[in-house]
Amino acid sequence: MQNVSDAPDLLRVVVADDIAVSREQLCGLVRALGHQVFAVSSGTAALTEVLQRDPDVVLMDLLMPDMDGFDATQRIRELVQDRWLPVIVTSSLAGEEHFIHALQRGADDYLARPINPNLLAAKLRHYARVLGLQSSLAGLARRQRAIQDNILDAVVTTDASGIVEDCNLAACHLVARDRNGLLGRSCREVLGFPLEVLLSPGDLSFSRADGSQFPVELACSEWSQAGHTHYTLVIRDLTERRHIERMKDEFLATVSHELRTPLTSILGALGLLGSGAAGALPPAAKPMAEVAKRNAERLSRLIDDVLDLTKLEGNRMSLQLRPTPLDGLLKESVTANLGYAARSGVVLDLQLASGCPQVRVDPDRILQVMANVLSNAIKHSPNGGTVQVQLIWQAPIVQIKVRDQGPGIDPKFRARMFEKFSQADGSDRRAQGGTGLGLYITRMLVERMGGRIGVEAGEQAGAVFVLEFPVSEALARPGAVKLLHIDRDIDARHRVAEWLRPLCRVDGVSDLAEARAQPDLTAYRLVLADPQSQGQAEEFCRGLRRLLPDARLLVFSDAVDAGFAQGQELQWLKKSGMARDHLQQTVQDAMRLAPHRS
């Protein structure tokens, strides 16, 4: 059939009738309506035309020799199964019993003879519209299938019990089976794991047909249709990525070893030259030796930073997180930087608040963070200036503030100062050298420990770096903050739980029904909810208010916008592109405003 939008009424019609006069009369009516006609005189010939011409509609007389219309209709249904081919039977027999029998054998419609031209035109017009819609839907299905089959990652959709309902070509290649070998089988049989394991966050190892193992990364989304729950799994083969990571690690290890060995010798030799071990240097040579030493030290720091950066970005740096008092770590970090500060003519002033609770951090990495922040503050402070380090407790957050008296930070630079290789002054005229990686590594370390880092303008001059960490013991206190997250996307629930774990207890549910089943609803001070796939968004929000009238509600969704949230008197957060630190800061702010439980 041609594109319906181009020719909405043009059909290819087979007319089957053994009586020449009635056949030609019917063909004439069809042609007069603008359709293309193929005339045959028997049921057998009608089957041949159907297979050869691929028509859109068949007009079939019921009483014909060698194969009547009843048998021919049934045979057409058996032969044509890849599409819908309407069969309209015709007859001059009295009564409707023969038409009912024909419909039971597979016919779609009937016309009594003599045929009413207007009724014929109306029926063909109707089938043209239906076939046009069918063609559009079939084209859309082919397009979606082509898109799915061109996705490099394996995509598998299952029902709530873990039976595979759909899969793409990459999934077939991943497990070395065709699509028919996957559909209708259980996840355990196809992928080697039950559905509940596949829905859990984390990486797994799958088995190939030859028994070899390969690592995969899983992402899962939960969705509903007609009241039934489905899961779509995206499975990424990590073999190539892990191979590249190993090559990268081996390369960096080699570079580190090959650079460190001669660099250590160079630094040692320059130190001996500067101390006069090889005799007094000429006055003109001393500045050159100092320049060489400074640049060798800078190269050594760059090697350390690149190695740390590679581990952090590859998520291969293991942190030893444990409840730790920050006051002792700040004292140690200030003491470690006293020499550097003295050489720069800068005074370090440490102010500790009494009774600060512990925070869950890696002590060694906190010292590394403070070394980066303090060295940055000292580097930008004038001779005779003071760098102030404060420890402040404002429940449920512990803050570290590092305040310098330098020239301050250009507001245009603040947005990118924690990015890689960002330096406010990239010229060679800077008083102190730097790798451009220190603050980026600092931000990543702080975030990995569940905190956040930012910068503020000083009251008079300079800049103030602010590090915030949630109080670890707040999670164990009676009346600790509890957050309820309502989202049908199971992947989003896992991600939010991981991001907010340092701040509060997060319980994730898929809908309001699961929320009602929570044992102690009144304990939730905060609710993070996505109306996506929850029915009418307004009704969902009303139901949420009825369920948790005293909690602070945050709409975390792309399905609605700020205008909708404002109309519902709720706070809105855009879901896509949300960064961990932004969500943590928003939830921290909401925690301060949320009602407290006794």
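These are my notebook entries on a predicted model, taken in the order in which I looked things up.

**Entry 1: the chain as a whole**

I began with the overall counts and found 20 helices and 22 strands in the chain. Of its 598 residues, 44% count as buried. I also looked at how far apart in sequence the contacting residues lie: among contacts between residues at least 6 apart, 61% join residues at least 24 apart.

**Entry 2: the sheet that includes β1 to β5**

I then traced a sheet of 5 strands, which is open, has parallel pairing and follows the order β2-β1-β3-β4-β5. Its edge strands are β2, residues 36-40, and β5, residues 109-112, each of which pairs on one side only. From one strand to the next I noted a twist that averages 20°.

Within this sheet I looked up the pairing of β1 (residues 12-16) with β3 (residues 57-61), and found that the two run parallel and are joined by 4 bridges. In that pairing V13 stands opposite V57 of β3. I also followed helix α5, residues 117-149, which lies across β3, β4 (87-91) and β5, and which runs at about 165° to β5.

**Entry 3: strand β18 and its partners**

Next I turned to β18, residues 482-486, and asked how many of its residues are buried. The count is 5 of the 5, so the strand is largely enclosed by the rest of the structure. In a regular strand the side chains alternate between the two faces of the sheet. I checked the directions here and found that K482, L484 and I486 point one way while L483 and H485 point the other way, all of them being buried.

For the neighbours, I noted that β18 pairs with β19 (residues 505-509) in the parallel sense over 5 bridges, with I486 standing opposite V509 in β19. Strand β20, residues 526-529, also pairs with β18 in the parallel sense, over 4 bridges, and there H485 stands opposite L528. Helix α16 (residues 490-500) belongs with β18 and β19 in a β-α-β unit, which I recorded as right-handed.

**Entry 4: H485**

Since H485 had come up in β18, I looked at this residue by itself. Why does H485 count as buried? Its relative accessible area is 1%, and the cut-off for buried is under 20%. Leaving aside neighbours within four places in sequence, I listed the contacts of H485 as A492, R493, V496, V506, D507, G508, V509, L528 and F556.

**Entry 5: helix α15 against α13**

Last, I examined α15, residues 438-448, and found this helix mostly covered, with 9 of its 11 residues buried. The buried residues include G438, L439, Y440, I441 and T442, and further along M444, L445, V446 and E447. Just after the helix, G450 takes a positive phi of about 85°.

Two packed helices are described by the angle between their axes and the distance between the axes. For α13 (residues 363-379) and α15, I noted an angle of about 145° with the axes 10 Å apart, and a left-handed crossing. On the α13 side the residues that meet α15 are R365, Q368, V369, N372, V373 and N376, and on the α15 side they are G438, L439, I441, T442, L445 and V446. Sorted by class, this contact has 6 nonpolar, 5 polar and 1 charged residues.

How values were computed:
Residues numbered from 1 in each chain as written. Predicted model: local features only at pLDDT ≥ 70, side-chain atom pairs only at ≥ 80, totals over all residues. Heavy atoms only, no water. Pairing = 2+ DSSP bridges. Axes fitted to C-alpha atoms, helices over the stretch in contact; angles between N-to-C directions. Contact = heavy atoms within 4.5 Å. Buried < 20%, exposed > 50% of the residue type's maximum accessible area, 1.4 Å probe, protein only. Right-handed = clockwise from strand over helix to strand, strands pointing away. Left-handed = near helix turned anticlockwise from the far one by under 90°. Nonpolar A, V, L, I, M, F, W, Y, C, P; charged D, E, K, R; others polar.
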